[in-house]
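Subject: Structure handover

Hello,

Here is the structure you asked to have handed over. Please open it alongside this message, since the notes refer to residues by number.

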Amino acid sequence: AEFDLPVMLHSNITSKRERNPLYLVELEEPLRNHPHTRFIWAHAGTSMELHRHQEKLTFLHKTVSRLLDDYPNLYIDLSWTMLKPYLLDERGNADPAWVKLVERHPTRFVLGSDVVGRFGSLADGMAAFAPFLDALPERVAHQVARDNFLALLPRKRQDALR
């Protein structure tokens with residue numbers, strides 16, 4: 001908060017064996033104790049490792065919804081492990097519940113890639129979000145795809161970009 005820098009939380013919401021938000025306390029403690037610090041939760045606590053053992057975290061939508069309602073300093077990064085089975089169904093259609101959640105909190109979601117080291121597939125990975133963005137109102141889609149991330153940059157950096 002002192003330097004107006006957001007903090008990236010890159011941790012799972014649960015273990016590969018549990019079917020509940022096992023690590024929710026560890027997530028909520030900094031959100032509650034540091035209300036002036038902005039936190040970005042990488043792919044809402046999902047990961048490929050979790051999905052190898054649990055196809056879909058059935059509690060995720062309800063948990064993310066409550067956290068966004070309770071903590072105005074929380075932002076959600078919608079990177080690749082959020083696409084399926086959360087944002088898009090098996091046919092590639094946007095999930096209406098997630099669309100409504102993003103519409104309810106239009107400034108609190110950002111697109112991410114979670115790509116490290118090799119960036120050749122970045123464009124294709126980001127294009128995979130098109131069906132979800134297309135399901136949002138145009139203004140909200142622009143916020144999620146670009147504007148919300150820029151708003152998270154430190155204010156001095158934002159001023160330089162104008």
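What follows is a summary of what was found, taken region by region.

Please keep in mind throughout that this is a predicted model.

The strands

The middle of this account is strand β2, residues 39–42, which is covered on both faces. Phe39 and Trp41 are buried on one side, and Ile40 and Ala42 are buried on the other. Strand β1 (residues 7–9) runs parallel to β2 and is joined to it by three bridges. Within that pairing, valine 7 has phenylalanine 39 of β2 as its bridge partner. To get from β1 to β2 the chain passes through helix α1 (residues 24–33), and the resulting β-α-β crossover is right-handed.

β2 also pairs with strand β3 (residues 74–77), again in the parallel sense, over four bridges. In this pairing alanine 42 stands opposite aspartate 77 of β3. Phe39 and Ala42 are thus buried residues of β2, with Phe39 partnered by valine 7 and Ala42 facing aspartate 77.

Helices α1 and α3

Which residues of α1 are buried? They are Leu24, Leu27, Glu28 and Leu31. Viewed down the axis of α1, the buried residues fall within an arc of 90°, so they line one face of the helix. Val25 and Glu26, on the other side of α1, are exposed. The cover over the buried residues of α1 includes β1, β2, β3 and helix α3 (60–70).

Helix α3 has its own set of buried residues: Leu60, Thr63, Val64, Ser65, Leu67 and Leu68. Among the elements that cover them are α1, β2 and β3, together with α4, α5 and β4 (109–110).

Salt bridges

How many salt bridges does the structure hold? There are nine. Three are described here.

Lysine 16 and glutamate 49 form one of them, with their closest N and O atoms 3.7 Å apart. Lysine 16 is in the loop between β1 and α1, while glutamate 49 is in helix α2 (residues 48–53), so this pair ties together parts that are 33 residues apart in sequence. Lysine 16 counts as partly exposed, at 35% relative accessibility, and glutamate 49 also counts as partly exposed, at 32%.

Arginine 91 and glutamate 90 form another, with the closest N and O atoms 3.6 Å apart. Arginine 91 is exposed at 61% relative accessibility, and glutamate 90 is exposed with a relative accessible area of 66%.

In the bridge between arginine 146 and aspartate 147, the closest N and O atoms are 3.2 Å apart. Arginine 146 counts as exposed at 52% relative accessibility, whereas aspartate 147 is partly exposed at 33%. Elsewhere, salt bridges that share partners join Lys16, Glu49 and Arg52 into one network.

Histidine 51 and the aromatic pair

Histidine 51 is located in helix α2. Is histidine 51 buried or exposed? At 16% relative accessibility, histidine 51 counts as buried, because the cut-off for buried is under 20% relative accessible area. Apart from neighbours within four places in sequence, histidine 51 is in contact with Thr46, Thr81, Pro85 and Tyr86.

Tyr86, one of those contacts, also belongs to an aromatic pair with tryptophan 98. The count of aromatic pairs comes to one. The ring centres of tyrosine 86 and tryptophan 98 are 6.4 Å apart and the ring planes are at 70°, so the pair is edge-to-face. Tyrosine 86 is in helix α4 (residues 83–87) and tryptophan 98 in helix α5 (residues 96–104), so the pair ties together parts that are twelve residues apart in sequence. Tyrosine 86 and tryptophan 98 are both buried.

Alanine 128

The last item is alanine 128, in the loop between α6 (122–127) and α7 (130–135). Alanine 128 counts as partly exposed, at 31% relative accessibility. Its C-alpha atom is separated by 7.9 Å from that of leucine 83, which is 45 residues away along the chain. Leaving aside neighbours within four places in sequence, alanine 128 is in contact with Leu83 and Leu88.

Regards

Notes: Residues are numbered from 1 along each chain as its sequence is written. This is a predicted model: local features need pLDDT of at least 70, side-chain atom pairs count only at pLDDT 80 or more; totals for chains, interfaces and linings use all residues. Side-chain values use heavy atoms; hydrogens and water are left out. Buried means under 20% relative accessible area, exposed over 50%, partly exposed in between (1.4 Å probe, protein chains only). Helices (H or I, at least four residues) and strands (E, at least two) are DSSP runs, numbered from the N terminus. Two strands pair if DSSP finds at least two bridges between them. A crossover is right-handed if, with the strands pointing away from the viewer, the path from the first strand over the helix to the second runs clockwise. A salt bridge is a side-chain nitrogen of Lys or Arg within 4 Å of a carboxyl oxygen of Asp or Glu. The arc is that of the directions from the helix axis to the C-beta atoms. Contact means heavy atoms within 4.5 Å. Rings of Phe, Tyr and Trp (its six-membered ring) pair if their centres lie within 6.5 Å; planes under 30 degrees apart count as stacked, over 60 as edge-to-face and the rest as tilted.
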